[in-house]
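Hi there,

Here is the structure I promised to pass on to you. Please have a look at it first, and then read my notes underneath.

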Amino acid sequence: MARRDTGTDDPRVRVRPGKGSRPRTKQRPTHKDAVTGMVTRIDRGHYRIRLDDPRLTADGSGDITAMKARELGRGKIVVGDRVAVVGDTSGRKDTLSRLVRIEERATLLRRSAEDGDAADTERPVVANAQLLVIVTAVADPEPRPRMIDRYLVAAYDAGMEPLLVLTKTDLAAPSALLALYEPLGVRALLTRLDPASSSTASRAGEGVQAVREAVARRTSVLVGHSGVGKSTLINALVPGAERMTGHVNEVTGRGRHTSTNLQALELPGGGWVIDTPGVRSFGVSHVSSADVLRGFPDLAAQAQDCPRGCTHEAGVLDCALDQWASETGSVSTTSAVTIKDDADAPTSSPLAQRRARLESFRRLLAPSLEAEDPVPSSHRHQGA
């Protein structure tokens with residue numbers, strides 16, 4: 001190869017080859033010797049992983065720490081991801097494995113940022129979970145139905161089953177809140193937690209055994225805004241978790257953030273619960289109205305008779321869902337409602353149930369429609 005012109009004839013001057021002359025390949029190593037596991041915690045670029053075969057670690061726990069391989073690029077790895085690692089899998093102090101592959105995800109819980117320059121940017125939260133446990137207090141702090149609605153939308157989008165856990169039911173009646181979600185077929189469990197108690201048995205309170213049975217041998221994600229008793233519930237489900245608990249501010253009525261990072265905790269009888277930090281908001285602008293509709297198979301079947309481009313909002317002309325809601329017949333839901341210790345649970349006729357289900361569905365649809373078209377719904381109807 002001809003020597004590069006450097007502007008001098010001195011043979012002692014060595015010139016490094018340009019980047020264009022370096023051999024490049026798009027073929028990545030297969031890493032056939034890689035072992036698999038689940039990401040349980042992420043801390044400043046370090047990934048805590050529980051190996052499928054705990055015998056590979058020196059202490060038999062299966063827990064190792066890994067760094068992401070450069071070949072994976074900037075792809076986001078989240079808690080719950082199934083991954084493959086190579087290198088030192090002993091888990092001894094100051095050892096690191098190399099995370100070389102992310103396995104295909106069965107589910108992915110996502111949220112949208114709502115503030116700042118990253119507004120509307122989609123962010124993955126947790127992978128491969130089957131159950132989204134929405135924890136909310138019936139009082140102290142007051143429940144936030146719009147937040148619950150957004151969690152439900154995110155669950156339907158991710159293909160996860162939602163479970164509503166109402167805490168502090170000794171402070172107020174849960175009937176009004178249950179009435180909002182009964183038409184959607186969302187399973188609901190009631191608990192009475194005592195975060196001030198020093199013993200685990202007393203702290204668990206009433207109703208926690210039903211939650212324990214619901215999450216057993218599954219991977220579940222607990223979500224909820226600050227102060228609802230999420231960390232207290234985690235401590236009752238996982239002995240030794242020692243998640244920090246807080247109190248509600250008497251002036252603002254808001255709780256203090258106690259969980260600061262996502263962490264997967266193993267349940268004694270098998271399965272995992274993933275604790276998430278309390279949040280003030282949970283954006284769902286990444287979820288389209290069609291994605292929400294797919295969470296309701298009975299309504300999706302009826303919507304096939306709607307005019308093309310129908311938004312399914314109240315007041316839209318010729319929406320087939322309005323005709324369905326005016327006909328008598330049984331209501332099919334995606335999951336049965338379970339209500340514990342609530343003698344005042346609402347009951348209604350089949351026709352009223354259909355109307356309530358449609359109204360509840362349209363309430364969930366609102367955030368997605370606003371993201372797709374910020375024009376007020378009243379203006380959209382005028383143009384119909």
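Below is what I found on salt bridges, one helix and the cysteines. Please keep in mind that this is a predicted model.

Salt bridges

In total, 16 salt bridges turn up in the structure. Arginine 50 is a good place to start. Its side chain meets that of aspartate 63 in a salt bridge, with 2.6 Å from N to O. Arginine 50 belongs to strand 2 (residues 46-51) and aspartate 63 to strand 3 (residues 63-68), so this pair ties together parts that lie 13 residues apart in sequence. Aspartate 63 has a relative accessibility of 18% and therefore counts as buried.

Arginine 50 also meets the side chain of glutamate 266 in a salt bridge, at 2.8 Å from N to O. Here the reach along the chain is 216 residues, because glutamate 266 sits in strand 12 (residues 263-266) and arginine 50 in strand 2. Glutamate 266 is partly exposed, at 41% relative accessible area.

Another salt bridge links arginine 98 with glutamate 71, whose closest N and O atoms are 3.4 Å apart. Arginine 98 is in strand 5 (residues 97-102), while glutamate 71 is in the loop between strand 3 and strand 4 (82-87), so the pair connects parts 27 residues apart in sequence. Both partners are partly exposed: arginine 98 has a relative accessible area of 37%, and glutamate 71 has a relative accessibility of 22%. Returning to arginine 50, shared partners join Arg50, Asp63 and Glu266 into one network of salt bridges.

Helix 5

Do have a look at helix 5, which spans residues 230-237 and is mostly covered, with 8 of its 8 residues buried. The buried residues include Lys230, Ser231, Thr232 and Asn235, along with Leu233, Ile234, Ala236 and Leu237.

Cysteines

How many disulfides does a search of the whole structure find? The count is 0. Cysteine 306 shows why its sulfur forms no such bond: the closest cysteine sulfur, in cysteine 319, is 3.9 Å away, which is too far. A disulfide would need the two sulfur atoms within 2.5 Å. Cysteine 310 also has cysteine 319 as the holder of its closest cysteine sulfur, and at 3.9 Å that is too far for a bond. As for accessibility, cysteine 306 is buried at 11% relative accessible area, and cysteine 310 counts as buried at 16% relative accessibility.

Happy to talk it through whenever suits you.

Best wishes

Technical notes:
Residues numbered from 1 in each chain as written. Predicted model: local features only at pLDDT ≥ 70, side-chain atom pairs only at ≥ 80, totals over all residues. Heavy atoms only, no water. Salt bridge = Lys/Arg side-chain N within 4 Å of Asp/Glu carboxyl O. Helix = DSSP H or I, 4+ residues; strand = E, 2+ residues; numbered from the N terminus. Buried < 20%, exposed > 50% of the residue type's maximum accessible area, 1.4 Å probe, protein only.
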